[in-house]
Every structure is written in structure tokens, then in C-alpha cells.
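User: Could you walk me through a structure at the bench-side level? I would like to go through it in questions and answers.

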Amino acid sequence: MRAALPVIAVTTGEPAGIGPELCLRLAGRAFPAQIVVLADRQLLVSRALAGDRPALRDWRPGQPPQPGVLDILHQPLAAPSNPGQLDRANANYVLSLLDRALDGCRSGEFAAMVTAPVHKGVINDAGIPFTGHTEYLAEKTNTPRVVMMLAGSNLKVALVTTHLPLKDVAAAITQESLETTLRILHEDMRVKYGLADPRILVAGLNPHAGEGGYLGMEEIEVITPVLERLRGEGMRLIGPLPADTMLSSLPMRVARSAWLSTSQFPQPATRVHPSMSPSSKLSENRLETTTLSNVISSGLPPEYPMVSSQLHTAL
């Protein structure tokens, strides 16, 4: 008997943005999973290009996928939406997509969720504090510490901080936050990526990793003590390394698993939450995975991830 495909919920994000169009294109792709798009049905109909309109089908649990057919879980808009015209009236609609997908992940209805882009500004304009998917899902699942990973086929970068103004980054990087991030990363590289003994490159916060303290003391006072302590437990940690040479061939040949940095890379169009499987305890610390295809192109083998955290300098 053929095993049932995992069901992945895809939220369409900001209705005035690119998300609905991106989701419509899923109908023309084959995936080793059943895709269910959460959106206003009429919104998708209005965004479909003439002559390139996939068949839309109301999703029912247990329905097998059909080629060229997009399964829809209808969630009504609060107000009509036009491309490129943000409307704060739809802020709760955007969040309702996330809530519905998350509820499905927690109940076992969905194996995972993927999110199209949202517009943080218009959600805040509606009076709803919102800094990003990462923090929103962490709060909803009572997760005390979440680590965002930007994961491409050839490159993986985990972040120590997320969605902060650059002026606040240094203060947010403490020995406690760095150690917690490294422990989560190390464990998930073993459990989720199958690396029995991962080695992790850790980038410095300041230019040239501080130049021995002349360009900043964070490497000496914060980063190095944590690395030495965790090395004493057997973790393979390399650094702190200068961010400006982090991606040169020698350090990356030495690494086997991840890069940890304080650099905030541009946000990609979709974010995957593999930790939201029904067998997972959502109250535990999580590693969130994000596509990195539009961030950097590299010829590195797929077993090389990295960890990172805010703007272009790295931790």
C-alpha cells in the first residue's frame, strides 16, 4: 500500500504582495508532498494570469493530489485587496493564515508549514506588534529561544539575533544567548541533518573579528569564552573568525556543518518550519529553516551549513 504523502500548509502572506502569485505557481510543480494553500479563493482567482490559471480545489483531508490542481483552504479576506496597495484592514487576515497553519501543524493535520512574505509595517500600522514570522511563531508556541537558520542546498547560516536595529545588535549578543544558540544549532545539525560530529564556524561581530580588541571587545569578552567552554564539552567550534573572510575557501573546507554569525542577511521569499511536525513538542527550543537561494550563490557542498546573526558583520 502506498504511503500517504505529508501535507504541507503554505500561507500566501500579504495579499497585496507577491505571495498569491508565487503560490499559484505551485500547481505546475511536482513535490514529494501534498501542498495545501491557505488563502482567500477569490484572491487567487483574481491574481491568476489569463491562460495560466490552475484549477482550484477545496482541500479535504485524505484527498490525493492531482497534477495541475491547487488545493485551497479558503480563508476570507477582511477587505478587497489590489496588487501593490497595502491595507491595514487585512492585517488580521495575514495573521489568521499563520494561526490556521500552526493549528494544523500542532494537531497533526499538517506535517509542516511554508510562509510567503508578509509586510511587517502594515501589520504594525494596524496596531499589532509584529517583528516577523520567527518571533510570532515562537510566542504562539511558548518557545523560549528560537534559532533562525538560512538554509540553501550549498550553504547554511544560523542567526544569533533576529530582526533588530543594527545599533541594538551588540547588546543582544551575550554569553548566554550565544551559548544557547550554539547548543540548539549543534544538536539540530546532529539530529535533523545527520552530522554525527558537526564542526561550526563562528564569525566575529566586529570588523576583522575585533583586531585583538582594537576594533571592539565582544570577541574577547563574549564570544571566545563561550567557544572555549563548549569546546571543553567536545563541540568542534572554529572562531571567532573575521566575517570579511568567512566565506573564503580555506575556512569553509575546514568546516563540516555550520557558520554562526551576527550578520543579518536579506530575507527570502519563503520560510519553512520543519520543526512543526506533529511528533514534535512545540514548547521546546526550535531550529527554524529558511531558504537562502536569493542570498548568496556558492559552490560549497550541501553538507556545509553556517550560523549567523545580524547585518554584514558576523558573530
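User: Thanks! Are Phe-130 and Tyr-136 buried or exposed?

Analyst: Happy to help, and a word on the basis comes before the answer. This is a predicted model, where local features need pLDDT of at least 70, side-chain atom pairs count only at pLDDT 80 or more, and totals for chains, interfaces and linings use all residues. Residues are numbered from 1 along each chain as its sequence is written, and side-chain values use heavy atoms, with hydrogens and water left out. Buried means under 20% relative accessible area, exposed over 50%, and partly exposed in between (1.4 Å probe, protein chains only); by that scale, both Phe-130 and Tyr-136 are buried.

User: Which residues of helix α5 are buried?

Analyst: Helices here are DSSP runs of H or I with at least four residues, strands are E runs of at least two, and both are numbered from the N terminus. Helix α5 covers residues 133-140. Its buried residues are His-133, Thr-134, Tyr-136, Leu-137 and Ala-138.

User: Which residue just after α5 takes a positive phi?

Analyst: The place to look is just after the helix α5. The phi there is about 55 degrees, and the residue is Asn-142.

User: How many aromatic pairs are there?

Analyst: Rings of Phe, Tyr and Trp (its six-membered ring) pair if their centres lie within 6.5 Å; planes under 30 degrees apart count as stacked, over 60 as edge-to-face and the rest as tilted. By this rule, the count is two.

User: How many residues apart in sequence are the parts tied together by the pair of Trp-59 and Phe-110?

Analyst: Trp-59 and Phe-110 form a tilted pair, with 5.7 Å centre to centre and 45 degrees between the planes. Trp-59 is buried at 6% relative accessibility, and Phe-110 is buried at 0%. Trp-59 lies in the loop between β3 (55-58) and β4 (69-74), while Phe-110 lies in the loop between α3 (91-107) and β5 (112-115), so the parts tied together are 51 residues apart in sequence.

User: What is the angle between the planes of Phe-130 and Tyr-136?

Analyst: These two rings form an aromatic pair with 5.7 Å centre to centre. The pair is tilted, and the angle between the planes is 55 degrees.

User: How many salt bridges does a search of the whole structure find?

Analyst: A salt bridge is a side-chain nitrogen of Lys or Arg within 4 Å of a carboxyl oxygen of Asp or Glu. Searching the whole structure gives a total of 11.

User: Which helices does the salt bridge between Arg-229 and Glu-179 link?

Analyst: The side chains of Arg-229 and Glu-179 meet at 3.1 Å, N to O. Arg-229 is partly exposed at 36% relative accessibility, whereas Glu-179 is buried at 18%. The two residues are 50 residues apart, and the helices are α8 (residues 218-231) for Arg-229 and α7 (residues 175-191) for Glu-179.

User: Where does Asp-197 lie, the partner of Arg-236?

Analyst: Arg-236 and Asp-197 form a salt bridge whose closest N and O atoms are 2.7 Å apart. Arg-236 is partly exposed, with a relative accessible area of 38%, and Asp-197 is partly exposed at 37%. Arg-236 is in strand β9 (residues 236-241), and 39 residues apart from it, Asp-197 lies in the loop between α7 and β8 (199-203).

User: Which residues are joined into one network by salt bridges that share partners?

Analyst: Shared partners connect the salt bridges here. The network's members are Glu-179, Arg-183, Arg-229 and Glu-233.

User: What percentage of the residues of the protein chain count as buried?

Analyst: The protein chain has nine helices and 12 strands. Of its 315 residues, the buried portion is 49%.
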